[in-house]
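Reader: I would like a close look at a single part of this model, namely its sheet, with the strand pairings taken one by one and whatever lies against them described afterwards. Please go through it carefully and in a connected way.

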Amino acid sequence: DESHMFQKIIEKDTTPNMIIYGIENTGKNTLLQAFMHDKYGKFNTLCSKREFKINSKNLEIPIYHSPYHVEIDINSLFSHTRIILPSIIKEFSQTKNVMTHKYKIFIIHHMENMDSHTQHMLRRIMEKDINNCRFIFITQKLNKITQLIQSRCFCINIPLLTKPQQYNILTNINKQLDDPI
């Protein structure tokens with residue numbers, strides 16, 4: 001079970017580079033949020049806008065971050081991923097996590113939309129900054145991520161739940177309510 005894998009990672013007090021993949025609406029982001037909450041407790045995620053000047057255009061990119069992590073959506077970088085992503089990673093990976101004195105976690109959404117050249121550049125960053133940061137990639141299509149990145153990550157498939165599994169989960173939640181339905 002995927003949630004047990006995350007629990008083992010939390011217990012070992014380490015975080016490997018990971019790829020979380022599965023079709024849309026399987027709960028990849030929800031599972032990731034639960035993992036981050038279990039690992040670091042309650043924390044606030046801020047959204048700040050970073051301005052990048054590219055070809056005489058000013059682009060404002062939203063970046064979600066906390067003392068523990070940085071979240072980047074590849075879709076928000078438009079076609080400038082190759083220029084913007086390294087700059088963001090460099091800015092946030094210069095120092096270790098101020099709260100734990102360990103690495104910062106970079107969560108990159110929609111990894112399937114990153115071209116292979118940028119993925120190769122990202123692989124070099126992963127290797128160079130291994131002491132200061134870890135990466136968690138969220139994708140719907142594992143085959144769109146290069147083998148070189150896959151081989152450096154712990155890959156977790158989040159399958160679509162069957163109707164009986166969905167029913168059991170909802171039944172368990174309902175039993176925990178003060179006024180069950």
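Author: Two strands are taken to pair if DSSP finds at least two bridges between them. With that rule in hand, β2 and β3 of this predicted model pair in the antiparallel sense, and nine bridges join them. Within this pairing, K49 has P62 in β3 as its bridge partner, while F52 is partnered by L59 in β3. The hairpin that these strands make has two residues between the strands, and in it N55 takes a positive phi near 50°.

The chain then goes on from β3 into a further hairpin, formed by β3 and β4 with three residues between them. Here β3, residues 57-65, and β4, residues 69-73, also run antiparallel, and two bridges join them. On the β4 side, V70 stands opposite H65, and E71 stands opposite Y64. As a general point, side chains in a regular strand alternate between the two faces of the sheet.

The loop between β3 and β4 also holds Y68, which forms a pair with Y40 of helix α2, 28 residues away, so that distant parts of the chain are linked. The ring centres of Y40 and Y68 are 4.3 Å apart and their planes lie at 20°, and because planes under 30 degrees apart count as stacked, this pair is stacked. The count of aromatic pairs by this rule comes to four.

Taken as a whole, the sheet is open and consists of seven strands in the order β2-β3-β4-β5-β6-β1-β7, with mixed pairing. The edges are occupied by β2 (46-54) and β7 (154-157), each of which has a single partner strand, so one side of each is left without a neighbour in the sheet. From one strand to the next, the twist averages 25°.

Two helices lie across parts of this sheet. Helix α3, residues 81-93, lies across β2, β3, β4, β5 (104-109) and β6, and runs at about 130° to β2. Helix α4, residues 116-128, lies across β5 and β6, and its direction is at about 145° to β6.

Strand β6 also has a part in the second largest pocket, whose volume is about 200 Å³. The residues that line this pocket include E24, K28, H109, H110, E112, I138, T139 and Q140, and the elements that give two or more residues to the lining are α2 (28-40) and β6 (133-139). By character, the lining residues divide into one nonpolar, eight polar and three charged.

How values were computed:
Residues are numbered from 1 along each chain as its sequence is written. This is a predicted model: local features need pLDDT of at least 70, side-chain atom pairs count only at pLDDT 80 or more; totals for chains, interfaces and linings use all residues. Side-chain values use heavy atoms; hydrogens and water are left out. On a 1 Å grid over the protein atoms alone, a cavity is a set of points where a 1.4 Å probe fits but cannot get out, and a pocket is an open set with protein on both sides within 12 Å along at least five of seven lines; lining residues have an atom within 4 Å of a point. Grid points are joined across faces, edges and corners, and a volume is the space filled by probe spheres set on the points. Helices (H or I, at least four residues) and strands (E, at least two) are DSSP runs, numbered from the N terminus. Ala, Val, Leu, Ile, Met, Phe, Trp, Tyr, Cys and Pro count as nonpolar, Asp, Glu, Lys and Arg as charged, and the others, Gly among them, as polar. Axes are lines fitted to C-alpha atoms, for helices over the stretch in contact, and angles run from 0 to 180 degrees between N-to-C directions. Contact means heavy atoms within 4.5 Å. Rings of Phe, Tyr and Trp (its six-membered ring) pair if their centres lie within 6.5 Å; planes under 30 degrees apart count as stacked, over 60 as edge-to-face and the rest as tilted.
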